[in-house]
Each structure stands twice: as structure tokens, then as C-alpha cells.
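Please look over the sequence and the fold below before reading on. The paragraphs that follow go through a few of the places where parts of the chain meet.

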Amino acid sequence: MEDRRYVVCQNEEQARKDRADREAIVESLREQLKHGDKALVGNKGYRKYLHSTGPKFTIDEEKVKWEERFDGKWVLQTDLAKLTAEETALQYKQLWMVEEMFRAAKTLLETRPIFHKCDETIRGHVFCSFLALLLRKELLDRLESQGEKLEWAALLRDLEALQYTEVESQGKRFLLRSDLADTTAAVFRAVGVAIPPSVQNPKE
């Protein structure tokens with residue numbers, strides 16, 4: 001169609017990841033070829049870079065170079081002629097973020113059934129669920145503004161690992177804080193909260 005536009009986008013971070021992943025596969029492939037090539041044919045990740053020369057297999061160098069052309073690139077299709085390429089990419093990113101939030105909300109509500117009888121408690125439960133998503137989004141945005149892109153599962157794991165242990169020495173009680181992970185320190189900085197001291201002397 002004449003009104004169809006294609007916008008080619010490139011993400012440098014994704015390009016570095018794609019390149020590193022491919023180099024790891026090819027390097028592993030070179031090592032495996034030293035010990036025989038029959039087992040490699042069934043591996044889909046390996047097979048795409050293999051070239052058969054009679055009964056033997058070698059690395060398809062042309063295929064490797066061809067794959068390099070697409071590192072970190074993707075194509076957007078749009079019929080909005082008034083938007084610039086940058087605006088089109090931004091609209092797509094915002095749409096993707098909205099869809100991700102709805103998927104997260106759907107998962108949250110499905111895995112946490114609501115067993116309430118009153119409308120007020122049901123509305124309260126739904127409100128708290130979406131409030132949790134909003135707070136999660138705000139925290140991730142603050143972390144990203146600091147240059148921190150953290151996995152949510154790792155973030156929760158490190159926060160849960162932050163604990164105090166009560167010990168007693170010479171008749172005095174102390175609270176010893178567990179080691180602080182880099183992820184947890186970044187969260188404290190993002191929310192503007194002081195990191196708890198490693199040792200506390202609670203009042204009796």
C-alpha cells in the first residue's frame with residue numbers, strides 16, 4: 001500500500017547483546033567441531049551457522065556476517081505520515097509499556113483470586129493491586145534514571161535477603177544487618193532512604 005511506512009530502529013544495547021550471543025555460539029561451535037560434528041546438526045542454535053561440505057560440516061562465515069547486519073535492529077510499520085521516525089519509535093515504546101503493564105496486571109489478578117463478598121472490599125483489593133503496579137513502575141523509572149536496569153525478580157530477592165539478626169554479647173543486645181547487595185543499595189538511593197546501619201544497639 002502506498003500509505004504504508006516502514007521505520008528502521010536500532011538499539012545499541014541490544015546490538016551489543018546480539019553480537020555477544022552470536023560470538024558465544026560461534027566460539028562454542030568452533031570448539032565442538034574439534035570433537036566431531038554429528039551432534040551439532042540437531043542443535044537449532046548451532047545449525048543456523050553450519051555449512052555442509054560433503055560429509056563434513058564447517059562454520060558458514062557468510063551466514064555469520066549476514067546475521068551481523070541485523071544486530072539490535074527492528075522495523076516498525078505505520079500509516080501515520082505526520083509522525084517523524086523518532087516520534088513513531090517513541091509511540092511504539094509507549095504502547096509496548098502500556099501492554100506490558102496490562103499483562104502484569106492480568107497476571108497479578110489471576111494469581112491472586114479475590115475472595116470478597118462486599119463490593120467495597122473488592123474495589124479495595126483491585127485498587128491496591130493497581131497501586132502496587134504503579135509503585136513498581138515508579139521505582140523502575142527512578143532506577144532507570146540512575147542508569148540502573150534491574151530485573152524485578154532479582155530486585156525482590158535481594159530486598160527479601162536484607163535482614164537483621166539479633167545477637168547478645170557481654171549482656172548487651174545488638175542487631176546485625178545482613179550484607180547489602182548492589183541491587184538493594186540502588187533501590188535505597190532511588191527512593192531517597194538512608195541505608196540502615198550495619199550494627200544497631202536497640203533500647204531495652
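A residue is called buried when its relative accessible area is under 20%, exposed when that area is over 50%, and partly exposed in between. The model shown here is a predicted one, and a good residue to begin with is Tyr164, which counts as partly exposed because its relative accessible area is 32%.

Where does Tyr164 lie? Tyr164 belongs to strand β5, which covers residues 164–169 and is joined by six bridges to strand β6, residues 172–177, with the two strands running antiparallel. Between β5 and β6 there are two residues, so that the pair forms a hairpin, and in its turn Gln170 has a positive phi of about 55 degrees. Ser169 stands opposite Lys172 of β6.

Strand β6 also pairs with strand β7, residues 199–200, through two bridges, and these strands too run antiparallel. In this pairing, Leu176 has Val199 of β7 as its bridge partner.

With these strands in view, the surroundings of Tyr164 can be described. Although Tyr164 and Leu176 are twelve residues apart along the chain, their C-alpha atoms are separated by 5.3 Å. If its neighbours within four places in sequence are left aside, Tyr164 is in contact with Leu175, Leu176 and Arg177, and also with Pro196, Pro197, Ser198 and Gln200. With two of these residues the side chain of Tyr164 has polar links: the side chain reaches the backbone oxygen of Pro197 at 2.6 Å, and a polar contact of 2.7 Å joins it to the side chain of Gln200.

The helices offer another kind of meeting. Helix α1, residues 12–33, packs with helix α3, residues 61–68, at an angle of about 170 degrees, and their axes are 11 Å apart. Because angles over 145 degrees count as roughly antiparallel, α1 is described as roughly antiparallel to α3. On the side of α1 the contact is made by Arg22, Val26 and Arg30, while α3 contributes Glu61, Val64, Glu67 and Glu68. Sorted by class, this contact of α1 with α3 holds two nonpolar and five charged residues, and no polar ones.

Is Glu67, one of the residues from α3 in this contact, buried or exposed? Glu67 is buried, because its relative accessible area is 18%. Not counting residues up to four places away in sequence, Glu67 touches Arg22, Lys48 and Tyr49.

Definitions and conventions. Residues numbered from 1 in each chain as written. Predicted model: local features only at pLDDT ≥ 70, side-chain atom pairs only at ≥ 80, totals over all residues. Heavy atoms only, no water. Axes fitted to C-alpha atoms, helices over the stretch in contact; angles between N-to-C directions. Helix = DSSP H or I, 4+ residues; strand = E, 2+ residues; numbered from the N terminus. Parallel < 35°, antiparallel > 145°, perpendicular 65-115°, else oblique. Contact = heavy atoms within 4.5 Å. Nonpolar A, V, L, I, M, F, W, Y, C, P; charged D, E, K, R; others polar. Pairing = 2+ DSSP bridges. Buried < 20%, exposed > 50% of the residue type's maximum accessible area, 1.4 Å probe, protein only. Polar contact = N/O pair within 3.5 Å; in protein donor to acceptor, adjacent residues only side chain to side chain.
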